[in-house]
Each structure stands twice: as C-alpha cells, then as structure tokens.
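Okay, thanks everyone for coming. I've got one structure to show you today, so let me put it up on the screen.

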Amino acid sequence: MACAAVLVPGLLRGSVGAICSQAAFLKSTRGSLRHLTLTSIMKSKRKTDHLERTANALRQEVVTAAKVCGTANESPSVKRLRLLVADQDFSFKAGQWIDFFIPGVSVVGGFSICSSPRLLEQERVIELAVKYTNHPPAVWIHKQCAPDSEVAVRVGGEFFFDPQPADASRNLVLIAGGVGINPLLSILRHAADLHREWANQGSGYEIGTIRLFYSAKNTSELLFKKNILDLVNEFPGKIACSLHVTKQTTPISAELKPYITEGRITEKEIREHISRETLFYICGPPPMTDFFSKQLENSHVPKEHICFEKWW
C-alpha cells in the first residue's frame, strides 16, 4: 500500500466515542528487539515521510519485535505480508496502521494492518498488503524480505472501529479506493467476527449491516476479492459489496460480474445508505476522501459519523 498516512479529522465522539475516538491506547510492556541494534532503531526514527505526516498521531509507546512468517502476491503490484508478533501485550484496533522498522533501512514505513484483531488473538499474526513503489520500505518488502526476516512495529492511528458490547448498534458504510482497502478490510473482518460472536453466543456487540464500496483501476488491482466475496456469501443480507473498476480493458470473470460496476463510485450510491444509525469510513487517495467526506457533510451526515484517512 502507499507509504504514508495523513490524519483523520471528524472522529466520532459522544455516545459513540468508544467506536472511533482518540482513546488512550493500551500500554504494553517493552519487549526485547532481538537482532535490532539501538543504532538501527535510532536511524529509523528520523522524521521522514510517514513519520513527518503522522507526527501528531496517537501511537503506542512500545516498539515490538516481529518476524516475517509468510508472503504472497496479492496483485501484480501488491505483496501481502504476514508478521508473527509473539509479544502477548501487543494489540491494535481494526483500521490502525503500524510504523514499520527495518534493520539497515533508515526510512520508516507506514502500513495499515489489513487483518482483524481476532487473527492476532488466535495466531499472534498481523497482515499487511504493500504496493510496490521506490520508497525504501516498500522496495525491501518486495525485493529483499524473506521468511524469518526480523523487523519491528509500533501501532498508531486514530482511524479505527472498536465498539464495546454496550454501545448502540451501528451500520457501516466503507468506501475504499485502491490500496485504501487495507484498513477497511480490517474493519470489515472485525465486523464479521463481531457478528459471528453475536450469532453464536448471543453476546458481545450487535452490529448492523455493512456495505463496502471499493474502486480500483481494474479487477486485477481489486485486492482481496475472494476474501470480500467469501464474507458476502457467509453473511447474506448482513454484508454486501459494490466493486467498481475505472479502466477495465479485459473481460470480467463470471464470478465477479454480479458485483462489478464499470465507473467510479457515485455520490448517489452512497447517499442511498445514509441514516442516523450509519457510520462512514473512507480511505483512499486524497481527492476521493475529500470528495466523499464533503458530500456526506452536504447531505447532513454529522461530522462525528464520518471517519477518513488519506493515503498518498
């Protein structure tokens, strides 16, 4: 995904503050960073790119060791990365990103986590999906990292969905552009986990409906297609998606066709899902996030019901 985040105004407050707020993060105990020297960490913390753009963001205090435990090509330009984080005190909220420290690389990466908090709880694993650019952390991920490569991570960001059991039920509309799908996939997966818990145990947080609008140039650049459609099929009537392609030049496969619209996501499509119970999460290129957040405000959606994050 893109290598730097820009922060999020319009965070939810008041009665829904537990869902998306500037809440204090859980503090974890400082773990040892094996094979990462103090010098490499100090070099990594220079204020460049991602760190500059997120200088005012909330972050956990602790940098935690992690190990690459798997890689795969998610698209021609995006590599998926699985990281094992053994420290039991490490945690994150669905939608947050990490500072990504690489030994010997002076620039710090910034990548949204695309997996759910439940995967971390069960397997001590987080997942990233990183688009190839000439940014040093992205180059390292695409060309140098291998199983058992050791890195370090630190959680940050105020763009997240973290409802508590007593909070009011909310619908979610997720609007993604390109690699902006990453934090929204984390939120989508977390919402599915919450619904499974409610359906199976009758306890936890009762979530409403979830609708994903996701746009990319073509179907090969629509990331996580299978994961998204698996959730749609698992929860009919609960989770739905509308996938948009803007520059498709090849035939669309039969299994994708029912979900694909050629052309950009429109204001009209989004407006049809406005209600007092709906929260909107938007992540993508700055022009896209600016457009939809402004259109939602013009449609009288309260600012505290609109969360967005820009990826450059």
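I'll go through a pocket, then a pair of strands, a helix and a few backbone angles. One caveat up front: this is a predicted model.

Let's start with the second largest pocket. It holds about 410 Å³ of space. Two elements give two or more residues to its lining, namely α3 (117-123) and α5 (181-201). The largest share, four residues, comes from α3. In total 22 residues line this pocket, and the ones nearest its centre are Phe92, Pro117, Glu121, Asp162 and His190. If you're thinking about chemistry, the lining splits into eleven nonpolar, six polar and five charged residues.

So where does this second largest pocket lie with respect to the two domains? Well, domain 1 (58-156) and domain 2 (171-310) both contribute residues to the lining, so the pocket lies between them.

Next, the strands. β9 and β10 run parallel to each other, paired over seven bridges. If you want one pair to click on, take Ser215, whose bridge partner in β10 is His244. Strand β10 covers residues 239-245, and six of its seven residues are buried.

Now for the backbone angles, where I have two loop residues to set side by side. Phe224 sits in the loop between β9 (210-216) and α6 (225-234). Phe224 isn't a glycine, yet its phi is positive, about 60 degrees. Asp148 is the other one, in the loop between α4 (136-143) and β7 (150-156). Asp148 isn't a glycine either, and its phi is positive too, near 80 degrees.

Which of them is buried and which is exposed? Phe224 has 1% relative accessibility, and because the cut-off for buried is under 20%, Phe224 counts as buried. Asp148 has a relative accessible area of 53%, so with exposed meaning over 50%, Asp148 is exposed.

Last stop, helix α8. This helix spans residues 286-298, so 13 residues, and reaches 18 Å from its first C-alpha to its last, close to the 18 Å expected at 1.5 Å a residue. Its buried residues are Pro286, Met288, Thr289, Phe292, Ser293, Gln295 and Leu296. And just after α8 there's another positive phi, at His300, of about 70 degrees.

That's what I had. If you remember one thing, make it that the second largest pocket lies between domain 1 and domain 2. Happy to rotate the model if anyone wants another look.

Note on methods:
Residues numbered from 1 in each chain as written. Predicted model: local features only at pLDDT ≥ 70, side-chain atom pairs only at ≥ 80, totals over all residues. Heavy atoms only, no water. Buried < 20%, exposed > 50% of the residue type's maximum accessible area, 1.4 Å probe, protein only. 1 Å grid on protein atoms, 1.4 Å probe; cavity = no way out; pocket = protein on both sides within 12 Å on 5 of 7 lines; lining within 4 Å. Points joined across faces, edges and corners; volume = space filled by probe spheres on them. Nonpolar A, V, L, I, M, F, W, Y, C, P; charged D, E, K, R; others polar. Domains from an automatic or database assignment. Pairing = 2+ DSSP bridges.
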